[in-house]
Amino acid sequence: MNTEILSYFLPPRIEFGEGDIANLAEHVRAFGGKKPFIVSDAGISNVGILRQAVTPLEDANLSYATYLDIEPNPTDISVVQGVEVYKTEKCDVVIAVGGGSVMDAAKAIRILTTHAPPLEPYYVDSGGADKIRGDMPPLICVPTTAGTGSEVSQGAIITDTSLQTTNRWRKRAIVTRYNMANLALLDPVLTVGMPQALTAATGMDAITHGIEAYVATKYHPISEGVALQALKILGANIRTAYHHGENIEARGKMLLGSCMAAFAFQKGLGAVHSIAHQLSTDAPIPHGVANAILLPPVMEFNLPHVIEKYADVADALGVNVEGLSKGEAACAAIDEIRELNKEFNMPAGLGAAGLDREKIPKLAADSMLDHCHKLNPRQCSEQDMLYLLEEAF
Ligand SMILES: [Fe+2]
């Protein structure tokens, strides 16, 4: 039995159902909100998804303010600008409508509505977890992709423009239990229009969360149970969601599975995420694509340390493991990830995805600064990061 005192969090309230977005005004009022602040991005607005969120507010005569300038890798600059709008408009509830970038930015904005700027002291590597208090406006997260699971995670990844590592900005994490949304509203209708490539990238991000969380080196049986069930749901639905995007049931299951996988990763992640966080700022390779490419080589690297657990992963993903030894089943899990990548037309390697090979040494060094790999089942040195990046290239 582990003798360390551990801290486990259960997810926030989750509402899941087709058409639930129509109840958004009621949810705002249930929190005592009179003027919600909607954080989103231009893409979500342009394809009409934002409209589905603001119509119920307008129908209920609830005035609101919007901030739509969130970038794909949100910076501290847009966070500070968002806070200014929130305060000028005298809002009282934060609603994030979007993918991981939007939800992460909304979490950071929410922190600065009641905590003195700048963001610097609140990053996890500045000891931020001890400085963030719970006195913040309610947060409703409405994910429009099925992958990041930011709606139930304690983390927010922000690109810190004040800090340069090896001649570029660095992504930094804010991790606190107070980052948890007060309500995660999962409506699959908002995800049916997602293009195939985004469905694949975000879906593979969710699968990576499930796998890395399951094998992370922390005693957390609650998360491990949820991770396996998430992988089961994701494995059974990712192909249908990719090939038949209009299938509302598969979309709903992907949304729920990604939410569960993110709940599971409160246990921790691993080397895939440490490297992927660097790739999406420096290459730039989208987070989910970077994960999909890195997952097989990292799993091979970890294999001798987690054979039984990877065998469980194969089974959860729906691979037929009957008659296979644990070792064979573990290898079958890695093969299944390769199969999914091929079926989803993922780039064959980081080079094909646009990475300049000369950047690899810098990326390896920067990956070591990311906290995720500390719970990887096999310890990683900078040399290992170099090897993994070369293998994935
Ligand atoms: Fe991720």
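In this predicted model, the sulfur of Cys372 finds its closest cysteine sulfur in Cys380, 11 Å away, which is too far for a bond. The same holds from the other side: Cys380 takes part in no disulfide, with the sulfur of Cys372 as its nearest cysteine sulfur at 11 Å. A pair of cysteine sulfurs has to lie within 2.5 Å to be called a disulfide, and the structure holds zero of them. Both cysteines are nevertheless covered by the protein. Cys372 is buried, with a relative accessible area of 6%, and Cys380 also counts as buried, at 10% relative accessibility.

Turning to the metal site, four residues of the protein supply donors to the iron ion: Asp205 through OD, and His209, His273 and His287 each through NE2. These donors lie 2.1 to 2.2 Å from the iron ion. Along the sequence, the donor residues follow the spacing D-x3-H-x63-H-x13-H. Two of the histidines, His273 and His287, are 14 residues apart and form a pair that links distant parts of the chain, with His273 in helix H9 (residues 271–282) and His287 in helix H10 (residues 287–302). Their surroundings can be told apart by accessibility: His273 is buried, with a relative accessible area of 1%, whereas His287 is partly exposed, at 21%.

The geometry of this site deserves a closer look. Ideal angles at a metal with four tetrahedral donors are 109.5 degrees. Among the four donor atoms of the iron ion, the angles run from 83 to 168°, and the site is irregular. To count as tetrahedral, four donors would need all angles between 85 and 135 degrees, so the range of 83 to 168° rules out that label here. A word of caution may be helpful at the bench: water is not among the atoms, so sites may look incomplete.

Beside the metal donors, Thr208 gives a useful view of the protein interior. Thr208 is found in helix H6 (residues 196–215) and is buried, with a relative accessible area of 0%. Leaving aside residues up to four places away in sequence, Thr208 touches Ala213, Val272, His273, Asn291 and Leu295. One of these contacts, His273, is itself a donor of the iron ion.

At the level of the whole molecule, the secondary structure of the protein chain comes to 14 helices and eight strands. The chain has 393 residues and a radius of gyration of 20 Å, which agrees with the value near 21 Å that a compact globule of this length would have. Its C-alpha trace spans about 60 × 45 × 45 Å along the principal axes. Of the 393 residues, 57% count as buried. Contacts across the sequence are well represented: of those with a separation of 6 or more, 79% are made by residues 24 or more positions apart. The protein chain exposes about 15,500 Å², and carbon and sulfur atoms supply 53% of that area.

Several loops carry backbone features worth inspecting in the structure. Most residues other than glycine have a negative phi, and most peptide bonds are trans. A cis peptide bond joins Pro117 and Pro118, with omega of about 0°. Pro118 sits in the loop between helix H5 (100–114) and strand E5 (139–143). Lys90, although not a glycine, has a positive phi of about 55°. The loop that holds Lys90 runs between helix H4 (76–88) and strand E4 (93–98), and Lys90 counts as exposed, at 67% relative accessibility. Asn345 likewise shows a positive phi, near 55°, in a residue other than glycine. Asn345 is found in the loop between helix H12 (326–343) and helix H13 (360–369), and at 65% relative accessibility Asn345 counts as exposed.

A further loop residue, His305, lies between H10 and helix H11 (307–317). At 48% relative accessibility, His305 counts as partly exposed. Apart from residues up to four places away in sequence, His305 touches Pro377 and Arg378. His305 and Phe265 are 40 residues apart in sequence, and their C-alpha atoms are 19 Å apart in space.

Definitions and conventions:
Residues are numbered from 1 along each chain as its sequence is written. This is a predicted model: local features need pLDDT of at least 70, side-chain atom pairs count only at pLDDT 80 or more; totals for chains, interfaces and linings use all residues. Side-chain values use heavy atoms; hydrogens and water are left out. Donors are N, O and S atoms within 2.8 Å of the metal (3.2 Å for Na, K and Ca); water is not among the atoms, so sites may look incomplete. Four donors count as tetrahedral if all angles lie between 85 and 135 degrees; four count as square planar and six as octahedral if opposite donors are over 155 degrees apart and all others between 65 and 115; anything else is irregular. Helices (H or I, at least four residues) and strands (E, at least two) are DSSP runs, numbered from the N terminus. Buried means under 20% relative accessible area, exposed over 50%, partly exposed in between (1.4 Å probe, protein chains only). The radius of gyration is taken over C-alpha atoms; the globule rule is 2.2 Å times the number of residues to the power 0.38. Contact means heavy atoms within 4.5 Å. Accessible areas come from the Shrake-Rupley method with a 1.4 Å probe; for residues, only the protein chains shown count as cover.
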